[in-house]
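Hi,

Here is the structure I promised to pass on. Have a look, and my notes follow below.

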Amino acid sequence: MRDKIFGKHLEPGTAFEFNQEVADVFDDMVSRSVPFYDEIHRILLDIVDRACPRLESIYDLGCSTGTTISILSRHLAATDIEPSFTGIDNSESMLRKCREKIAATGVQNCTLRNQNIEDADIHDADLVVMNYTLQFLNPEDRPSVLENIYDGLRKDGVLVLSEKIKIDDAQIQELLTELYFDFKRRNGYRELEIAQKREALENILRPATPEEQLTALKNAGFTRVDMIFRWYNFASY
């Protein structure tokens with residue numbers, strides 16, 4: 001379904017939430033709102049092939065509609081690797097879509113949990129993926145979430161993290177914001193949609209700077225950390 005949620009006038013102060021209305025259009029929303037969304041998945045598959053010596057257990061934190069799990073499953077099926085997948089999301093609406101997608105794509109051995117990321121139990125993970133999820137958590141909770149991921153990974157485990165970012169320099173930050181809005185305009189979003197979604201995400205999506213993100217990962221225990229992709233105000237680590 002086409003994302004038209006913010007195309008109608010909304011009441012001032014309407015906050016963004018991952019409800020059924022968003023779940024119904026989420027795949028279109030991310031493809032038109034998150035730059036290089038498909039490329040991030042290709043990068044993830046390259047990392048899986050080259051940097052993950054063992055793939056018995058994979059976690060997707062903030063699994064939404066199950067796109068990442070489905071892509072990983074299809075990719076690994078060609079290699080005869082059959083990991084167990086654990087998808088965690090606190091939106092039951094998203095998980096309903098996720099169940100439909102993993103059933104349609106034939107994903108095997110997948111457990112879905114409806115819970116907050118802050119409460120997630122992670123054990124003996126070989127790969128943890130957290131794409132565009134940490135940014136929605138309370139900044140005060142993020143250090144413990146990253147520590148929990150680190151503690152739940154096996155010694156040679158890998159975390160792939162993607163986030164929206166901010167820049168300390170106000171002028172550069174405003175430029176990157178406008179460049180991002182140009183991207184959304186090219187993908188068919190109108191000015192009303194862009195403005196209303198920006199307002200709806202205020203104080204809901206709270207990005208960190210790249211420096212803050214790298215420091216947080218190192219403080220959580222990760223010893224080899226780096227940015228592997230950046231486009232304006234989006235980055236992957």
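To start with one residue: is Asp24 buried, partly exposed or exposed? Asp24 counts as partly exposed, at 27% relative accessibility. For these words, buried is under 20% relative accessible area, exposed is over 50%, and partly exposed is in between (1.4 Å probe, protein chains only).

Before the rest, some housekeeping. This is a predicted model, where local features need pLDDT of at least 70 and side-chain atom pairs count only at pLDDT 80 or more, while totals for chains, interfaces and linings use all residues. Residues are numbered from 1 along each chain as its sequence is written, and side-chain values use heavy atoms, with hydrogens and water left out.

Now the charged pairs. Side chains of opposite charge can pair when their charged atoms come close. I call it a salt bridge when a side-chain nitrogen of Lys or Arg is within 4 Å of a carboxyl oxygen of Asp or Glu. By that rule the count comes to 15.

Asp24 is in one of them: its side chain meets that of Lys97 at 3.5 Å, N to O. Lys97 lies in helix H4 (residues 92-104) and Asp24 in helix H1, so this salt bridge ties together parts that are 73 residues apart in sequence. Helices here are DSSP runs (H or I, at least four residues), numbered from the N terminus. Lys97 is partly exposed too, at 24%.

Helix H1 also takes part in a salt bridge between Lys8 and Glu21, at 3.3 Å, N to O. Lys8 sits in the segment before helix H1 (20-33) and Glu21 within helix H1, so the parts tied together are 13 residues apart in sequence. Lys8 is partly exposed at 42%, and Glu21 is partly exposed at 40%.

Elsewhere, Arg190 and Glu193 form a salt bridge at 3.9 Å, N to O. Arg190 is partly exposed at 46% relative accessibility, whereas Glu193 is buried at 8%. There is also a network of salt bridges that links Arg54, Glu56, Asp126, Arg154 and Asp156.

One last residue, back in helix H1: Ser33. Ser33 is buried, with a relative accessible area of 4%. A polar atom of the Ser33 side chain lies 2.8 Å from the backbone oxygen of Met29. Leaving aside neighbours within four places in sequence, Ser33 is in contact (heavy atoms within 4.5 Å) with residues including Tyr180, Phe183, Tyr189 and Phe234.

Cheers

How values were computed
Helices (H or I, at least four residues) and strands (E, at least two) are DSSP runs, numbered from the N terminus. A polar contact is a pair of N or O atoms within 3.5 Å; within protein, one must be able to donate a hydrogen and the other to accept it, and residues adjacent in sequence count only if both atoms are side-chain atoms.
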